[in-house]
Amino acid sequence: MTAGLAQFSLADKVILVTGAGRGLGFEIARAMAAAGGHVIVNGRDAGRLDAAVARIVADGGQASAAAFDVSNPAAVAVAFAEIGRRHGQLDVLVSNVGVRDRKPVSDLSIEDVRRLIDTDLVAGFTLAREAVQMMTPRRWGRIINMTSIAGPLARGGDAAYTAAKGGLDALTRALAVEFGPHGITVNAIAPGFFATETNTAMIADPDIGPPYAQRTALKRWGRPEEIAGAAVFLASEAASFITGHVLTVDGGTSIMFFP
Ligand SMILES: NC(=O)c1ccc[n+]([C@@H]2O[C@H](COP(=O)([O-])OP(=O)(O)OC[C@H]3O[C@@H](n4cnc5c(N)ncnc54)[C@H](OP(=O)(O)O)[C@@H]3O)[C@@H](O)[C@H]2O)c1
């Protein structure tokens, strides 16, 4: 067992971060590369991925791109076979992709719900199933699922996302129990309100931006890079006895009765 700051190192680790071309996934990929890992950056837009890889490499990190749709199990299987051929190992999976479809239940079609659940929940299962095949023989692995405070905390007009993220919390615990005996830890990170590109319009809206900031104990939106420390920690040796845990990173939103 390493001690001190060395236990946070990700040197020699091969790490896949899905949805890492921008937003929280990019910040996680960048921080994990800075901690010494080789980061495989996923998304569907190859141009965006190349730009993300170039930024990480320019900072002195190791990174490569893997464009595939996480909601397509066949594409996921092909991508993992390629990771096996190129790297011979996968040590850390960050299952970060998440999409939203904010509509009242009466406006949500079954197809809308299925599409969202496929991306936000079923993909977590598909990716983990592939990842553990590479982790189990080495008896070491880390899986980190990006859930949300919208898993345990519900609000109207967001039923499909809330159901998917709540399911992903539960899947995290189920995988932790099943793969713990193989040396694999499975945890989740539940972000609160982060000032990502996707949320730009919400932050600019005077009815949403400032009230959401007030809804946190710290009275501000999170900066995207503020998610990264939790992810590096959970991926590292420092978190070796933590599994099945949902680590909330929300500036105190979910611990308050009132703003
Ligand atoms: N931002 C927040 O405040 C917040 C709060 C709570 C939870 N979260 C969760 O944190 C995670 C990251 O959020 P974010 O706001 O940083 O994400 P984002 O910027 O909206 O999305 C990140 C990337 O995901 C990729 N993506 C979308 N669908 C995909 C698919 N089917 N296959 C592969 N890649 C796909 C997109 O790239 P391409 O277009 O190239 O595919 C996009 O660049 C999500 O799970 C989200 O639910 C975020």
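**Exercise 1.** What span should the 26 residues of helix 4 have at 1.5 Å a residue, and how far apart are its end C-alpha atoms?

*Solution.* Keep in mind that this is a predicted model. Start by finding helix 4: look at residues 110-135. The expected span is 1.5 Å times one less than the number of residues, so for the 26 residues of helix 4 you should get 38 Å. Now check the model: the end C-alpha atoms of helix 4 are 35 Å apart, which agrees.

**Exercise 2.** Find the residue on which the kink in helix 4 is centred.

*Solution.* Walk along helix 4 until you reach Val122; the kink is centred there. Its angle is about 45°.

**Exercise 3.** Work out how the 7 strands of the open sheet are arranged.

*Solution.* First, read off the order, which is 3-2-1-4-5-6-7, with parallel pairing. Next, pick out the edges: strand 3 (62-67) and strand 7 (246-249) each pair on one side only. Then look at the twist: neighbouring strands in this sheet are turned by 20° against each other on average, direction ignored. Finally, bring helix 4 back in. It packs on the sheet and touches strand 4 (92-95), strand 5 and strand 6, and its direction makes about 175° with that of strand 4.

**Exercise 4.** Take strand 5 and strand 6, and describe their pairing.

*Solution.* Strand 5 covers residues 141-146 and strand 6 covers residues 184-191. They pair in the parallel sense, over 6 bridges. For an example, start at Ile144: its bridge partner in strand 6 is Asn187.

**Exercise 5.** Explore the surroundings of the ligand and pick out some polar backbone atoms there.

*Solution.* Begin with the neighbours: 29 residues surround the ligand, and Leu24, Arg44, Asn96, Tyr161 and Thr198 are the closest. Now go for the backbone. A polar backbone atom of Leu24 sits 2.7 Å from a ligand oxygen atom. For Asp45, a polar backbone atom is 2.8 Å from an oxygen atom of the ligand. With Val70, look for a ligand nitrogen atom instead, 3.1 Å from a polar backbone atom.

How values were computed. Residues are numbered from 1 along each chain as its sequence is written. This is a predicted model: local features need pLDDT of at least 70, side-chain atom pairs count only at pLDDT 80 or more; totals for chains, interfaces and linings use all residues. Side-chain values use heavy atoms; hydrogens and water are left out. Two strands pair if DSSP finds at least two bridges between them. Helices (H or I, at least four residues) and strands (E, at least two) are DSSP runs, numbered from the N terminus. Axes are lines fitted to C-alpha atoms, for helices over the stretch in contact, and angles run from 0 to 180 degrees between N-to-C directions. Contact means heavy atoms within 4.5 Å. The bend at a residue is the angle between axes fitted to the seven residues ending there and the seven starting there. A residue is near a molecule or strand if one of its heavy atoms lies within 4 Å of it. A polar contact is a pair of N or O atoms within 3.5 Å; within protein, one must be able to donate a hydrogen and the other to accept it, and residues adjacent in sequence count only if both atoms are side-chain atoms.
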